[in-house]
Amino acid sequence: MDDERSGGRAPAPAAADGLPAGPAVFAGRRAELAALATAAGRSTEGRGRLVVLAGRPGSGRTALAVRYARSAAAQYPDGVLHARLTAPDGSRTPPGRAARRLLEQLDAVPAGLLPEGGPEGVDEPAATALRAVLAERRVLLLLDDVRDAAQLRPLLGTGPGSLVLAVTTGPLTGIEAVDPVIIGGLDQASAVGLLGDLVGGTRVSCDPVGAGDLAEACACRPAALRLTAVRLRADARAAVTDAVAELAAGTRERPATAGPRDTGPAAGDRPAEDTAAGPDAEEERRRARALLPEDAPVPVPDGDPLGAAFELLYRTLPAAQARMLRMLTLAPCQLADLRTASALAGCPAPEAAALLDRLAEQELLNAEAPSGDGTPRYRVPGWLHPRLVELRAEADRPAEVELARARLLERLVRMVDSAQALLAPGDGPRPDPLPGALRLSGAGHAARWLDEERDQLLTAVGGAIGHGDLDGSAGRLVAALLRALPLTEATAPADLHRLHELVLEVAERGAAPRRAAAALLNLGDLQAAAGRWERAAARYRDALDRARAAGDDAGCARALESAAGCYRALGDPLRAGDWYGRALALRQQAGDAPGEARLLARVAEAHSAQRRFEEALREYRAALGMLRRLGDDRGAASVGHALDRLQRQLAGELDHPIAE
């Protein structure tokens with residue numbers, strides 16, 4: 001038996017610090033570790049190295065992958081990266097989004113990289129950039145919960161120096177020349193040894209036959225063994241043979257496990273089995289499964305020892321712990337710390353921290369790498385999420401769930417507002433202070449928190465909008481993020497693009513064309529800043545349609561001028577002049593003198609590019625006179641220079657064209 005804290009080559013101190021923590025005790029798997037090392041050492045021709053590790057949920061596949069990655073980290077001096085390609089609710093992580101986050105970990109995001117539509121969210125620019133980086137560096141890339149080859153293929157590099165370790169449920173068909181390392185349960189000796197280490201005392205060593213039977217009843221799968229060991233530790237009088245009988249009965253028929261509704265403080269002391277599911281539990285279960293994505297993996301089936309081990313343990317939980325576990329299915333990315341958990345459960349932060357810690361001790365939450373300030377973070381295991389959604393539907397009233405969602409969004413709004421106040425102290429009134437346990441200590445802490453929580457914050461907004469009836473809270477969170485995120489150096493244009501797309505979705509749903517136009521203008525600006533002129537022009541044209549529907553002349557003028565700038569950049573002076581002219585008419589109608597002067601100069605430039613020199617001279621002179629009346633010396637100097645250049649060109653003093 002191996003211990004997670006012993007054996008294997010020690011990695012460089014910071015090489016693998018982005019990996020999940022992994023279990024404290026790691027048993028067996030010597031042969032599988034050797035197989036991974038052999039597969040990683042095979043030579044490749046024309047592509048990067050890929051190792052596929054396949055195993056069913058609860059087999060310990062992620063723990064094995066993390067164990068191997070830590071042992072091999074020293075071979076990859078440019079870093080060991082980690083990304084999940086499936087959320088615990090079964091929804092896919094688009095490969096483009098994964099590529100972006102991996103590029104951020106490598107500090108190699110190309111300037112102006114923005115999402116691009118494509119099949120399955122491939123986002124080829126981001127994937128191409130990642131492949132280029134992997135071709136030049138020695139990186140170990142651990143991709144967990146890969147669904148299929150189409151999701152993985154865009155992320156594979158071509159250089160021989162890097163290694164992609166893909167963890168999946170089954171072999172990834174469609175990728176040639178890859179022999180997966182397939183794992184099942186532990187060998188019986190390792191399984192019994194793991195039980196002994198986890199349970200402690202002499203119960204396992206004094207009953208080797210019963211311990212072997214228990215290992216077999218758990219199919220020697222680490223997750224089932226760990227859950228069973230928790231129950232044995234909690235009851236010093238329980239015999240190993242009793243656990244075997246209970247598990248065998250549980251695999252035949254899943255018990256009714258809906259916990260009691262939280263009716264007050266006393267509920268925290270009652271075990272979850274006090275109240276069984278009602279007569280409509282099966283209907284509630286079907287309704288709960290309908291909440292999961294269409295392509296979500298099949299939940300752990302009835303009769304599976306892993307599911308049975310969970311059901312038995314869940315029935316022993318106090319109501320407060322059971323309710324916290326169910327509410328964590330609402331956490332963005334299923335990643336929670338005391339801030340998220342206290343909002344979802346409606347309890348003080350210290351109580352939430354204690355509940356999280358206790359659930360992790362009972363193997364019901366996976367410990368993640370702590371945040372930058374040392375705050376512990378936890379994740380709901382992916383195999384457990386579908387069942388917890390069912391339990392939530394059975395035990396918690398819809399109004400309670402909606403209240404938990406609303407509390408979380410309001411908490412996030414307050415956190416983001418607090419971060420903004422610390423990063424820009426003089427920008428607006430200070431928000432009400434948060435409770436001490438939740439408070440950010442300074443600007444540096446605020447910047448780190450925003451950076452670390454970006455995915456969770458964006459996912460929270462998307463989830464609220466997708467849910468359909470929390471647009472008010474979601475809108476406030478979007479507004480807070482748009483104020484705060486640009487204050488941090490780590491914020492990428494892709495994050496702002498995603499936020500403005502969410503604003504657009506809310507505006508379209510609420511039939512708010514003025515707000516939709518503003519979102520489209522912002523999206524166009526991001527595309528234009530990245531030099532993607534065709535896409536930017538399309539956004540501006542859509543913004544023009546929405547602004548017209550809202551009767552917003554200022555928005556129309558802004559959209560016309562911005563689209564004209566795209567046509568100018570694309571080398572189409574005819575369309576640029578037309579759109580500048582239409583924007584000019586609206587600025588004149590509104591009495592916007594600075595805007596009128598600016599657009600007169602742009603129209604003149606477009607006329608000049610079309611060799612319509614008389615019109616160009618007229619518009620330049622009009623712009624120059626208006627700028628002088630406005631007292632804009634800098635603008636007048638610029639237009640005067642253009643006018644002088646045009647006049648000299650017409651006089652034959654210049655050989656090169658006036659406008660490109």
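Two strands count as paired if DSSP finds at least two bridges between them, and strands (E, at least two residues) and helices (H or I, at least four) are DSSP runs numbered from the N terminus. The model is predicted, so local features need pLDDT of at least 70 and side-chain atom pairs count only at pLDDT 80 or more, while totals for chains, interfaces and linings use all residues. Residues are numbered from 1 along each chain as its sequence is written, and side-chain values use heavy atoms, leaving out hydrogens and water.

**Exercise 1.** Work out which strands stand at the edges of the sheet.

*Solution.* Start with the order: five strands run E2-E3-E4-E1-E5 in an open sheet with parallel pairing. E2 (80–84) and E5 (181–182) each have a single partner strand, so one side of each lacks a neighbour in the sheet. Now zoom in on E5: two bridges join it in the parallel sense to E1 (residues 49–54). Here Leu53 sits opposite Val181 in E5.

**Exercise 2.** Describe the surroundings of Asp495, and say whether it is buried or exposed.

*Solution.* First, place Asp495: it belongs to helix H20 (residues 493–509). Next, check accessibility: at a relative accessible area of 2%, Asp495 is buried (under 20%; exposed is over 50%, partly exposed in between, with a 1.4 Å probe and protein chains only). Then list contacts (heavy atoms within 4.5 Å): beyond neighbours within four places in sequence, Asp495 touches Arg101, Glu104, Arg454 and Leu458. Finally, the side chains of Asp495 and Arg454 share a polar contact of 2.6 Å (N or O atoms within 3.5 Å; within protein, one able to donate a hydrogen and the other to accept it, and residues adjacent in sequence counting only if both atoms are side-chain atoms).
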